[in-house]
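The exercises below ask you to read a protein model step by step, keeping the sequence and the coordinates side by side. Each task is followed by a worked solution.

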Amino acid sequence: MSRARTGAACPCGGASLAACCGRYLDHFDSTPAPDAERLMRSRYTAFVLGRAGYLLATWHASRRPGSLDPDEGAKWLGLEVRSHRATAEDRAEVEFVARWRVGGRAVRLHERSRFVREQGRWYYVDGDLL
C-alpha cells in the first residue's frame, strides 16, 4: 500500500489512517512524526501495512539493519501504548504492548523502546523486552 486510504481506520488505534499515521508513512520527507510516541505508533502501523521502507528510514543509522522482511502472514491484533516520557531534550522512551497472530499462534511484544531526535526527526534506536 503506497498511500493511506481515506476513511480507513488506523492500525495504531487512531480514528483514520490518513489523519493519523498515514501522513507520516506517505510523507516521511516532509511530515516527520512530531514526537517519539507518534513515531512508535507509525512504526507499528508500518509493520501492519508491510511498509519496510518506512521502518528502515525511521530506524537510527547506528542500529539500522541492512534489510527488513515483515512477516506477510502476521495478523496484527492491536497496540497499547502504556507510557511515553522524555529522558532528555532529544531522547524519549515509549513502553508498549503489540499483539499479533502468526501461523495460528498468538504473539505479544512488551517493550520499552528508546528514541532519539536528530535534526528535527525522531528515530527508533533500540528497546528492552519487558
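**Exercise 1. In which strand does Ala92 lie? Establish its burial and its surroundings as well.**

Solution. The model is a predicted one, and the solutions should be read with that in mind. Step one is the placement: Ala92 belongs to strand E2. Step two is the accessibility: Ala92 has a relative accessibility of 3%, and because the cut-off for buried is under 20%, Ala92 counts as buried. Step three is the list of contacts, where neighbours within four places in sequence are left aside: Ala92 is in contact with Ala36, His84, Arg85, Ala86, Thr87, Ser113, Arg114, Phe115 and Trp122. Step four is a distance between residues separated along the chain: Ala92 and Arg117 are 25 residues apart in sequence, while their C-alpha atoms lie 8.5 Å apart in space.

**Exercise 2. Is Glu93 buried or exposed, and which residues is Glu93 in contact with beyond its neighbours within four places in sequence?**

Solution. Begin with the placement, which is in strand E2. The relative accessible area of Glu93 is 14%, and Glu93 is therefore buried. Once the neighbours within four places in sequence have been set aside, the contacts of Glu93 are Ser83, His84, Arg85, Thr87, Arg112, Ser113 and Arg114. A link to a helix residue completes the picture: Glu37 and Glu93 are separated by 56 residues in sequence and by 8.1 Å in space, taken from C-alpha to C-alpha. Glu37 itself lies in helix H2 and is partly exposed, with a relative accessible area of 21%. Not counting residues up to four places away in sequence, Glu37 touches Val81, His84 and Val94.

**Exercise 3. Compare the length of H2 with what its residue count predicts, then describe its ends and its buried residues.**

Solution. First, take 1.5 Å a residue, which gives an expected span of 20 Å for the 14 residues of H2; the end C-alpha atoms are 20 Å apart, so the two values agree. Second, turn to the N-terminal end, where Asp35 acts as a cap, with a side-chain oxygen 3.2 Å from the backbone nitrogen of Glu37. Third, look just past the helix, where Gly50 adopts a positive phi of about 70°. Fourth, collect the buried residues of H2, which are Ala36, Leu39, Met40, Ser42, Arg43, Tyr44, Thr45 and Ala46. Finally, ask what covers these residues: the cover includes helix H1 (22-26), helix H3 (52-57), strand E1 (75-88), E2, E3 and strand E4 (121-129).

**Exercise 4. How much space lies in the largest pocket, and how much in the largest cavity? Characterise both linings.**

Solution. Start with the pocket, in which about 360 Å³ of space lies. Its lining consists of 19 residues, of which Arg43, Phe47, Trp76, Phe96 and Leu109 are the closest to the centre. Helix H2 (36-49), strand E2 (91-102) and strand E3 (105-118) are the elements that give two or more residues to this lining. By class, the residues lining the pocket divide into 14 nonpolar, 1 polar and 4 charged.

Continue with the cavity. The structure holds 1 cavity of 30 Å³ or more, and about 30 Å³ of space lies in the largest cavity. The residues that line this cavity are Phe28, Pro32, Ala33, Leu39, Tyr54, Thr58, Arg121 and Trp122. Their division is 6 nonpolar, 1 polar and 1 charged.

**Exercise 5. Where is the place of Gln119, and what sign does its phi have? Contrast its accessibility with that of Trp59.**

Solution. Gln119 sits in the loop between E3 and E4. Its phi is positive, about 50°, although Gln119 is not a glycine. As background, most residues other than glycine have a negative phi. Gln119 is exposed, because its relative accessible area is 85%.

Trp59 is also a loop residue, found between H3 and E1, but at 14% relative accessibility Trp59 counts as buried. Not counting residues up to four places away in sequence, Trp59 touches Arg43, Arg64, Pro65, Leu68, Tyr123, Tyr124 and Val125. For Trp59 and Arg43, which are 16 residues apart along the chain, the C-alpha atoms are separated by 9.4 Å.

Definitions and conventions
Residues are numbered from 1 along each chain as its sequence is written. This is a predicted model: local features need pLDDT of at least 70, side-chain atom pairs count only at pLDDT 80 or more; totals for chains, interfaces and linings use all residues. Side-chain values use heavy atoms; hydrogens and water are left out. On a 1 Å grid over the protein atoms alone, a cavity is a set of points where a 1.4 Å probe fits but cannot get out, and a pocket is an open set with protein on both sides within 12 Å along at least five of seven lines; lining residues have an atom within 4 Å of a point. Grid points are joined across faces, edges and corners, and a volume is the space filled by probe spheres set on the points. Helices (H or I, at least four residues) and strands (E, at least two) are DSSP runs, numbered from the N terminus. Ala, Val, Leu, Ile, Met, Phe, Trp, Tyr, Cys and Pro count as nonpolar, Asp, Glu, Lys and Arg as charged, and the others, Gly among them, as polar. The expected span of a helix is 1.5 Å times one less than its number of residues. Buried means under 20% relative accessible area, exposed over 50%, partly exposed in between (1.4 Å probe, protein chains only). Contact means heavy atoms within 4.5 Å. A polar contact is a pair of N or O atoms within 3.5 Å; within protein, one must be able to donate a hydrogen and the other to accept it, and residues adjacent in sequence count only if both atoms are side-chain atoms.
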